[in-house]
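Student: I should like to take a close look at a single part of this structure. Please help me to read it with care.

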Amino acid sequence: MALLQIEQLTKQFGVNKALDSINLEIGQGEVHSLVGENGAGKSTLIKMLSGVYPPTSGTLFWKGNEVSFESPKDSKDIGINVIHQDRQLVSYFTGLENLYLNNPYPKKKMGLGIDWKAMYKAAQRLQDKWGMDIPLDIPVSKMTPSERTLLEILRAMMSDSNLLILDEPTASLTDKESELLFSFIERLKDQGVAIVYISHRLEEVIRLSDRVTVLTGGKLMATIERSQLTKENLIRYMTGGKEIKSTRLPKMQEHQEVLLQAKELRSVDGSIKNVNFELRKGEILGIYGLAGSGRTECMEAIYGLRKIADGEIYFKNELRSKPTPGSSIKQGIVLIPENRHEDALIMDNTIMENMTLPILSKLTKNGVMQKKSELSLVQKEMARFKVKAVNVNQPVSELSGGNQQKVVFAKALMSNPLVYICDEPTQAVDIMTRADIHLFLKEQASEGKGVIFVSSDLHEILEISDRIIIFSEGETVAELVNDNLNPNDILDICYLNQKEAVQG
Amino acid sequence: MNANVETYKKTINFNKNMISSYGTIFAGIAIILIFSLLSPGSFATLDNLINITRQISFLVIIAIGATLVMSVKEFDLSIGAMASLGGVVAAKSAASGLPLFLCILIPVIAGFLIGLINGAIITRFKVLSFVTTLAMGTIIGGFTFWFTGGATIFENIPASFKFIGQTNLGGIPLLSVIMFLIVISFWYVMSQTVLGRRFYAIGGNERASQVSGINIGKYKNIAFALSGMLAALTGALLASRLGSAHPTGGDGFFLNAYAAVFLGMTVVRSGVSNVIGTLFGAAIIGIMANGLTILEIPTFMQNVITGIIIIAALIIQKLGRDS
């Protein structure tokens with residue numbers, strides 16, 4: 001009998017089905033991996049298994065009995081534990097204190113004070129049982145990433161977990177640290193603990209899994225048995241075997257002037273290690289990479305929001321030694337940040353105040369705002385971008401996502417840039433706005449501007465780009481001309497480069 | 001289009017933010033009416049009104065500095081100590097025979113520079129302004145004590161030093177005139193200039209402002225420097241009014257200044273510190289003090305009542321916003 005059986009599980013948000021009639025079985029002692037692109041429905045599934053979301057329809061069976069979870073506590077009580085990507089530890093507590101964070105502390109006689117000795121003994125027994133050696137007396141902030149992950153798993157084992165869900169557990173681990181985790185997973189498995197393993201790294205998935213389920217756009221594409229498990233097979237299912245025809249764009253002109261160039265770029269924080277690319281006049285350069293590949297970080301470094309350790313950035317053949325956002329805007333580089341609400345807009349301020357923020361000094365006479373010219377400029381841009389709003393004095397928080405993004409683009413256009421760096425510019429906008437944004441960027445490119453288009457949507461990248469640069473593990477690993485490319489080609493490169501990069 | 005703007009503003013004000021926008025103003029009017037009824041002969045007179053403008057001039061000036069710092073979402077808790085220092089420096093300068101304009105200018109420059117140090121520490125090391133300026137206040141207090149030996153400075157102060165504090169221009173105190181000039185200047189700066197727009201942008205979303213190319217550190221430094229400058233000026237004006245300076249003479253302004261700013265945030269543009277609102281806030285606090293004194297209510301009771309009014313205003317604003 002399966003430990004957990006999922007039948008016809010569906011989750012609907014508004015009209016969107018985040019998860020559509022999923023059937024899945026997880027047996028005792030099985031390592032079952034979930035793979036799929038961002039937005040495939042992995043997180044939604046986890047959230048329903050851990051009692052965060054109630055399902056819209058469908059049933060869960062636990063050891064043959066139907067169960068429903070009202071809250072995360074219910075799911076925990078029957079023995080399902082999730083280890084999240086962002087660790088749920090209190091960093092200035094010791095390992096021991098973190099172990100007991102959601103377990104009752106043993107009390108001394110008469111219920112006065114905490115029995116630290118008993119706590120420590122129980123924790124050591126647990127460590128011995130699982131063959132772990134985490135230093136429990138130091139604060140979590142002084143532990144290595146792998147120790148933290150193991151500590152979280154150990155905490156889950158405090159309450160006899162039957163099913164552990166590991167969400168990208170190796171995302172911040174080195175190869176060596178990952179090995180520690182893998183051997184621990186083997187041990188859990190031998191004890192009959194079932195594991196749901198989520199990772200972008202296919203090598204790991206193939207190595208660890210008994211079975212792998214591929215999700216795409218909320219649908220279950222296939223559950224692959226161990227004997228059938230190959231990288232090619234997985235990628236084929238992940239891309240749905242579809243071939244995407246990219247809309248024909250005017251042929252890129254060769255030997256155009258280089259606008260922006262990155263040479264052996266490395267950031268201080270190590271999020272980007274070796275980035276090389278050129279952006280030419282009149283082209284849209286697509287940038288693709290899996291989560292954690294350093295795409296966003298690289299754009300921030302070029303724009304001046306992240307410190308650069310080594311390497312050079314050239315703008316029109318001139319070295320930019322210490323870029324700042326201010327100098328970028330002045331030279332003609334704008335960033336459309338990934339996170340609209342936090343990085344791009346001041347939500348409580350008006351449309352006008354947001355749009356003119358980068359160019360305030362141009363709208364002044366001796367430091368005094370020239371409100372008439374500001375108003376007419378903003379009204380012109382509102383008309384051009386067809387922003388739906390009451391008027392220029394409406395706070396942007398009252399606009400729809402698509403209209404907010406139009407304000408962001410109008411704001412970018414204000415400084416009359418030569419280079420647009422767009423990080424996920426069509427995230428959470430409606431289809432119409434998405435088309436408007438694509439058209440706008442194509443127009444800008446045809447006027448001789450350069451556009452960098454970062455997206456985690458492979459199909460979109462193929463739809464809009466002239467050339468494509470692929471990022472993996474903080475490095476640029478490939479440059480492709482977008483000519484009869486299909487998604488498989490790109491995913492192949494991403495996953496094949498991953499392993500090498502980790503070792504190097 | 002303009003008609004549209006007006007309609008939009010009106011709907012917002014009258015429906016959603018009715019209470020939060022005008023609650024404080026209604027409360028202010030109610031307070032004035034109550035005092036007028038209770039002591040018509042002494043409260044509701046032109047003389048007393050002019051008197052109140054002079055009484056609140058110190059609080060208004062120091063609170064405008066706090067308004068600037070709060071507009072970039074920081075705190076300057078050193079303003080009380082800075083006012084004490086300003087007073088002492090001004091009085092010492094006067095006692096040593098320096099001309100009047102230098103007696104005011106020296107503390108103002110000192111306040112500006114110490115404010116810059118506040119700003120530099122906070123922006124350079126990304127530490128909390130709350131704690132940094134609290135510590136800076138302690139340091140300033142220590143220096144002031146050392147500087148004065150803990151004693152009030154009143155000897156050898158020439159009569160000319162008291163000119164600013166005690167002159168009337170056609171019945172209107174010079175201090176009130178200075179206060180109104182400062183209110184108008186900073187209202188203009190905050191609402192009509194790039195500086196003000198950038199302050200409010202930083203306060204609204206620091207990260208988005210940085211992405212938009214604004215040098216966050218620079219503008220925060222300016223806010224702290226102006227706050228220090230206005231606090232020291234307040235102290236100097238107070239010394240000129242009294243003809244003496246006590247080493248802790250300005251400390252008491254600190255809490256009332258923030259009370260005025262918070263009250264002010266409930267007026268005009270709700271939730272954002274602003275100069276006109278601060279003027280209102282300081283006026284309410286000043287009118288309370290004046291009216292309660294006329295009614296011979298003891299100081300400790302005045303504190304209780306003023307505190308209750310501030311808390312009530314904040315709750316009313318919050319209720320108005322959530323509705």
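Student: Which residues lie nearest the centre of the largest cavity, and how many residues line it?

Tutor: Please bear in mind that this is a predicted model. The lining of the largest cavity consists of 15 residues. Nearest the centre of this cavity are A:Leu335, A:Pro358, A:Lys411, A:Ala412 and B:Val211. These names carry the letters of both chain A and chain B. Three elements of chain A each give two or more residues to the lining: the strand β16 (333-336) and the helices α11 (340-344) and α14 (401-414).

The character of the lining may be considered next. Of its residues, 11 are nonpolar, two are polar and two are charged. The volume of the largest cavity is about 120 Å³. In the model as a whole, three cavities reach 30 Å³ or more.

Since B:Val211 is listed among the residues nearest the centre, the interface of the two chains deserves attention. Here 26 residues of chain B are in contact with 37 residues of chain A. Between them, chain B and chain A bury about 2,500 Å², and 53% of this area is on carbon and sulfur atoms. The interface also holds three salt bridges. In a salt bridge between the side chains of A:Glu374 and B:Arg197, the distance from N to O is 2.4 Å.

The domains of each chain provide the wider setting. Chain A is divided into domain 1 (1-79 + 162-169 + 189-242), domain 2 (89-160) and domain 3 (262-503). The C-alpha centres of domain 2 and domain 3 of chain A are separated by 45 Å.

For chain B, the assignment gives domain 1 (11-44 + 263-323) and domain 2 (52-171 + 190-251). Their C-alpha centres lie 25 Å apart. The contact between these two domains of chain B involves 14 residues from domain 1 and 12 residues from domain 2. Together they bury about 1,100 Å², with 78% of it on carbon and sulfur atoms. On the side of domain 1 of chain B, the residues that lose the most area to domain 2 are B:Ser273, B:Val275 and B:Thr278, which together account for 39% of what that side buries. Across this interface within chain B, zero salt bridges are found, whereas the interface of chain B and chain A has three.

Terms used: Residues are numbered from 1 along each chain as its sequence is written. Chains are lettered from A and ligands numbered from 1 in the order in which they are written. This is a predicted model: local features need pLDDT of at least 70, side-chain atom pairs count only at pLDDT 80 or more; totals for chains, interfaces and linings use all residues. Side-chain values use heavy atoms; hydrogens and water are left out. On a 1 Å grid over the protein atoms alone, a cavity is a set of points where a 1.4 Å probe fits but cannot get out, and a pocket is an open set with protein on both sides within 12 Å along at least five of seven lines; lining residues have an atom within 4 Å of a point. Grid points are joined across faces, edges and corners, and a volume is the space filled by probe spheres set on the points. Helices (H or I, at least four residues) and strands (E, at least two) are DSSP runs, numbered from the N terminus. Ala, Val, Leu, Ile, Met, Phe, Trp, Tyr, Cys and Pro count as nonpolar, Asp, Glu, Lys and Arg as charged, and the others, Gly among them, as polar. Domain bounds come from an automatic or database domain assignment. Contact means heavy atoms within 4.5 Å. Buried area is the accessible area (1.4 Å probe) that two parts lose on being put together, summed over both. A salt bridge is a side-chain nitrogen of Lys or Arg within 4 Å of a carboxyl oxygen of Asp or Glu.
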